[in-house]
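Work through the exercises below on cysteines and charged pairs. Try each task before reading its solution.

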Amino acid sequence: MTTQSIIRLSVNPEGFADNVDELDADSFASALPTQHSFDYVSDEELGVYVGVWDTTSMQESAGAYEFEEFMVVLEGFAEIKNNKTDQITKVSAGQAFVIPRGFDCQWIQNGYLKKFYFIVDNEQLCASNKDANNITIIDQDTLQKYQNKQQNFHAGVDNYSYKSSQSAVAAQRFIYVLSGQVTVTDEHNIKHEFSAGDAFYLAKSKALIWQASENFQSYFVHLYH
């Protein structure tokens, strides 16, 4: 697990193209795709992983989703099938969404896709929700939000400007900036500046100062534990 309080995520991390995932044929209802992943955060004890992933065309095997996952689609689109209702929800580049742990679904991928992800693979933090009716699309216009059964995994849109005094971060957080700018000053008084299209991770329990512009808007994930 990294000890950095602020981590900037790149859509093309160094060595990404060489980091080919090992895949299990039983996980797919199609021929095996080519997939790559890069974890900026990998906490095996908590089961928290934050990074970037891509895939070629494929269909995953139908079944209960194995973890709680928030995603921002960077390139391409995907279709997520609800196996109980046969409803298919399409998510495209620029959109963010959450698949709840335990949701009975099937990922159908036509063409290339790349995404940022925030995964919680921990039953104690994010319990299975087999009663979940669908994925949740985090909508910029309606400000649709998501909260899991245990109310410790939150995702949504932040669309207001503010400046905070130095304070501890009570959650692990992921931010994807949609518009405006934000400057985050870490515990060493180093300023980190982010603007539209940038993504970053904030570790828990670090003293930070946050200042956002008037037109600031972002997708966010907060994990409390």
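A disulfide is a pair of cysteine sulfur atoms within 2.5 Å. The model is predicted.

**Exercise 1.** Decide how many disulfides there are, and explain why C126 is or is not bonded.

Solution.
1. Take the sulfur of C126. The closest cysteine sulfur is in C105, 15 Å away.
2. Apply the cut-off of 2.5 Å. The distance of 15 Å is too far for a bond.
3. The count is 0 disulfides. C105 is in no disulfide.
4. Check the surroundings. C105 is buried at 5% relative accessible area, and C126 is buried at 1%.

**Exercise 2.** Find which residue pairs with K115 in a salt bridge, and state whether each partner is buried or exposed.

Solution.
1. The side chain of K115 meets that of E69, 2.9 Å from N to O.
2. Locate the partners. K115 lies in strand β11 (residues 113-120) and E69 in strand β6 (residues 68-75), 46 residues apart.
3. K115 has a relative accessible area of 5%, so K115 is buried. E69, at 2%, is buried as well.

**Exercise 3.** Trace the salt bridge between R101 and D121, and name the network around the pair.

Solution.
1. The N to O distance is 3.4 Å.
2. R101 sits in the loop between β9 (96-99) and β10 (104-109); D121 sits in the loop between β11 and β12 (136-138). The two are 20 residues apart.
3. R101 counts as buried at 11% relative accessibility, whereas D121 is partly exposed at 40%.
4. Shared partners join R101, D121 and E123 into one network.

How values were computed. Residues are numbered from 1 along each chain as its sequence is written. This is a predicted model: local features need pLDDT of at least 70, side-chain atom pairs count only at pLDDT 80 or more; totals for chains, interfaces and linings use all residues. Side-chain values use heavy atoms; hydrogens and water are left out. Buried means under 20% relative accessible area, exposed over 50%, partly exposed in between (1.4 Å probe, protein chains only). A salt bridge is a side-chain nitrogen of Lys or Arg within 4 Å of a carboxyl oxygen of Asp or Glu. Helices (H or I, at least four residues) and strands (E, at least two) are DSSP runs, numbered from the N terminus.
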